[in-house]
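Student: Before we begin, could we look at the model together and work through a few questions about what its atoms show?

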Amino acid sequence: MTTMTRCFAILIATTALALPVAAKTMNLAFTPPSDSHYGDAGRAFKDTLETLSGGDIEIALKPSGALGGERDVIEGLQIGTIEFTISSTGPIGNFVPEVYALDFPFLFNDYESAHAVLDGDIGQEILAKFSQAGLVGLAWSENGFRHITNSVHAVETPEDLAGLKIRTMENEVHIAAFKATGAAPTPMSWTEVLTSLQQGTIDGQENPVPIITANNMWEIQKYVTLTGHVYSPAAVVMSQIHWDALSAQEQDWVRTAATAAAKAARATVAANETAGVEAMKAHGMAVVETVDKAAFAKAVQPAYDQYADRYSPELIDRIRMAQQ
Ligand code: EAX
């Protein structure tokens, strides 16, 4: 090799070494707006993972259903077109049946109990089941206790739900529960809900306080009843295809980032639970705060009778026992 050629080879080699390695950019999708508990969780995930990886991994946040509804996004993770999501458990039961056990009405006593169950053996066992669906369940984030809104009249008793077209998530336990009250449950992706409410094709929906406030639902819903009828976890989930392509170190960083996301969501929910109700009142919503939860629990009991035996009855019993 001539001297000139050797010098040229060295120049190429050192230049190549100096060039930064192109960062891996991965999408994290969720359906609520950026300014929400999901957005706070997403930013915590992004900041943690980008810091730990020294910028080798970049996270592109995709809020407001930019990549589709929760069910669509889960399917995207399964085929590898999307890397991450923070999703309510509502639709996940269609892919990981054990998750249905978490979405039964009036199953969790309060936030503290829900966190203890999800962060303990029961919750971790269910996360491990995600692998059966080509998914990696990383951590339990939080959506919150769900309440009912509608545009027709105040709902003070279960009987007041009769005939109301209430959007539910694509979750057959929720559909059965609202059908048992005499309402007309209308399952659909979150991405269709606001338009459907504006057009009047549905009368109401049910969601936690921070979803109601993040979407300014007082603009399209007059009434809200604080039933707290379901505790809705959210899961931080990765595509198994993309997980398998990570190094062990990167996988550890991802788990750390997922834990940070869950912590951020829970902090936002806790901060908004009371302030959010005050915001609803300030924007003119009629808020039914005193609710006979026992009456609502009795009204939705048929959903248990119909589905508890199908979806891990022992899990439901364990969740109840763990809260005693
Ligand atoms: O994940 O679909 C729903 O009602 C969910 O609570 C919402 O998308 C947040």
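Student: Which residues are around the ligand in this predicted model?
Tutor: Since the model is predicted, the list rests on computed positions, with a residue counted if one of its heavy atoms lies within 4 Å of the ligand. By that cut-off the residues around the ligand are Thr31, Pro32, Tyr38, Glu70, Ser88, Asn143, Arg146, Arg167, Met169, Trp190, Asn207 and Ile211.

Student: How far is an N or O atom in the side chain of Asn207 from an oxygen atom of the ligand?
Tutor: Other side chains also come up here: a polar side-chain atom of Tyr38 lies 2.9 Å from a ligand oxygen, and for an N or O atom in the Thr31 side chain the distance to an oxygen of the ligand is 2.7 Å. For Asn207, the distance between such a side-chain atom and a ligand oxygen is 2.7 Å.

Student: What percentage of the ligand's accessible area does the protein cover?
Tutor: The starting point is the ligand on its own, which has 270 Å² of accessible area. Of that area, the share covered by the protein is 99%.

Student: What percentage of the residues in the protein chain is buried?
Tutor: The protein chain has 324 residues, and a residue counts as buried when its relative accessible area is under 20%. On that basis, the buried share is 53%.

Student: Among contacts between residues at least 6 apart in sequence, what percentage joins residues at least 24 apart?
Tutor: The protein chain contains 13 helices and 10 strands, and the question concerns contacts within this chain. Taking those between residues at least 6 apart in sequence, the part that joins residues at least 24 apart is 75%.

How values were computed
Residues are numbered from 1 along each chain as its sequence is written. This is a predicted model: local features need pLDDT of at least 70, side-chain atom pairs count only at pLDDT 80 or more; totals for chains, interfaces and linings use all residues. Side-chain values use heavy atoms; hydrogens and water are left out. Helices (H or I, at least four residues) and strands (E, at least two) are DSSP runs, numbered from the N terminus. Buried means under 20% relative accessible area, exposed over 50%, partly exposed in between (1.4 Å probe, protein chains only). Contact means heavy atoms within 4.5 Å. A polar contact is a pair of N or O atoms within 3.5 Å; within protein, one must be able to donate a hydrogen and the other to accept it, and residues adjacent in sequence count only if both atoms are side-chain atoms. Accessible areas come from the Shrake-Rupley method with a 1.4 Å probe; for residues, only the protein chains shown count as cover.
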